[in-house]
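Visitor: I am new here and would love a tour. Could you show me the model, and may I ask about it as we go?

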Amino acid sequence: MDTIYIPKLIHAPEQTERLEFEESLQDLETLTPVKGQIQIKHQGNYLEVKAQAETIITLTCHRCLQHYNHRLTINASELIWLDESANESGLDALEQEVAFEDLVESLPPQGYFDPNLWLYEQLCLEIPQRQLCDLRCPGIQTSDQGSNLSDPQPVVDRRWASLEALKGKLPG
């Protein structure tokens with residue numbers, strides 16, 4: 001999808017651009033192309049963006065470390081304020097103090113809206129923080145699980161075997 005020049009939206013029918021897509025997004029590894037639709041509507045001093053999309057991604061289970069497929073779907077909407085001072089800071093973004101009421105997305109009214117970037121951000125926000133292949137996933141199975149606890153045998157790390165042999169040769 002191409003970037004959209006914001007002033008061009010004013011002259012679009014109903015001041016709205018509707019895009020249907022089925023494509024891969026850069027920096028988001030998916031098994032299937034991202035498929036859906038996005039609507040960008042110019043509302044005077046803000047853009048109203050709505051999207052529905054889905055794809056399938058491969059995740060790694062945090063318990064057993066196995067890979068599994070996960071269907072990623074979004075049904076998102078966001079208001080993006082059009083502000084002349086957007087992206088015009090002389091300070092480094094890390095050094096800039098931001099008030100609570102300024103924690104909103106904003107773009108310059110004569111700038112561009114990148115639907116690919118916005119869609120990428122929305123999909124990344126939907127990736128689950130707790131990645132489990134199954135709610136009953138037992139985790140990593142070790143070879144000593146289920147052994148007889150009444151007859152414990154010391155576990156010897158084979159990497160220390162040479163040192164243990166040297167220790168046996170020393171007097172006293």
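Visitor: Is Cys133 buried, partly exposed or exposed in this model?
Guide: This is a predicted model, so side-chain atom pairs count only at pLDDT 80 or more. Buried means under 20% relative accessible area, and exposed means over 50%. Cys133 has a relative accessible area of 36%, so this residue counts as partly exposed.

Visitor: How many disulfides does the structure hold?
Guide: A disulfide is a covalent bond between the sulfur atoms of two cysteines. To count here, the two sulfur atoms must be within 2.5 Å. Across the structure, the number of disulfides is zero.

Visitor: Which cysteine sulfur is nearest to that of Cys133, and how far away is it?
Guide: Cys133 is in no disulfide. A pair of cysteine sulfur atoms has to be within 2.5 Å to be called one. The nearest cysteine sulfur to Cys133 lies 3.7 Å away and belongs to Cys137.

Visitor: What is the order of helices and strands along the chain?
Guide: Happy to lay that out! The chain has three helices and seven strands. Read along the sequence, they follow the pattern β-α-β-β-β-β-β-β-α-α.

Visitor: What share of the chain's residues is buried?
Guide: A residue has to be under 20% relative accessible area to be called buried. The chain has 172 residues, and the share that counts as buried is 27%.

Visitor: Which residues touch the most other members of the largest nonpolar core?
Guide: That core has 31 residues. Among the elements that each supply at least two of its residues are helix 1 (6-10), strand 3 (34-42), strand 4 (46-60) and helix 2 (115-126). The residues touching the most other members are Ile40, Leu47, Phe113 and Leu119.

Visitor: Which residues is Phe113 in contact with, leaving aside its neighbours within four places in sequence?
Guide: Let us begin with its place in the core: Phe113 is one of the residues that touch the most other members. Two others of that group, Ile40 and Leu47, are also in contact with Phe113. The full list is Thr3, Ile4, Ile6, Ile40, Leu47, Val49, Ile80, Leu107 and Trp118.

Visitor: Which residues form a nonpolar patch on the surface?
Guide: For one member, we can look at strand 5 (residues 67-82), where Leu79 lies. Leu79 has 41% relative accessibility, so this residue counts as partly exposed. Together the patch has about 260 Å² of accessible area, and its members are Leu79, Trp81 and Val104.

Visitor: Which residue forms a salt bridge with Arg18?
Guide: Side chains of opposite charge can pair when their charged atoms come close. Arg18 is exposed, with a relative accessible area of 53%, and its partner is exposed at 58%. The closest N and O atoms of the pair are 3.7 Å apart, and the partner is Glu14.

Visitor: How many salt bridges does a search of the whole structure find?
Guide: Besides the pair we just met, the side chains of Lys50 and Glu48 meet in a salt bridge at 3.5 Å, N to O. Asp134 forms another with Arg136, where the closest N and O atoms are 3.7 Å apart. Asp134 is partly exposed, with a relative accessible area of 35%, whereas Arg136 is exposed at 71%. For the whole structure, the search finds four.

Visitor: What is the phi of Gln15, roughly?
Guide: Most residues other than glycine have a negative phi. Gln15, in the loop between helix 1 and strand 2, has a positive phi although it is not a glycine. The value is about 50 degrees.

Visitor: And what is phi near for Asp27?
Guide: Asp27 sits in the loop between strand 2 and strand 3. At 65% relative accessibility, this residue counts as exposed. Its phi is positive, in a residue other than glycine, and is near 75 degrees.

Visitor: What separates the C-alpha atoms of Thr32 and Ile56?
Guide: Thr32 also lies in the loop between strand 2 and strand 3. Not counting residues up to four places away in sequence, Thr32 touches Thr55 and Ile56. Thr32 and Ile56 are 24 residues apart along the chain, and their C-alpha atoms are separated by 5.7 Å.

Notes: Residues numbered from 1 in each chain as written. Predicted model: local features only at pLDDT ≥ 70, side-chain atom pairs only at ≥ 80, totals over all residues. Heavy atoms only, no water. Helix = DSSP H or I, 4+ residues; strand = E, 2+ residues; numbered from the N terminus. Buried < 20%, exposed > 50% of the residue type's maximum accessible area, 1.4 Å probe, protein only. Patch = residues over 30% accessible without salt bridge, like charges linked within 9 Å, V, L, I, M, F, W, Y side chains within 5 Å. Areas by Shrake-Rupley, 256 points an atom, 1.4 Å probe, with all protein chains shown as cover. Core = buried A, V, L, I, M, F, W, Y, C linked by side-chain atoms within 4.5 Å. Contact = heavy atoms within 4.5 Å.
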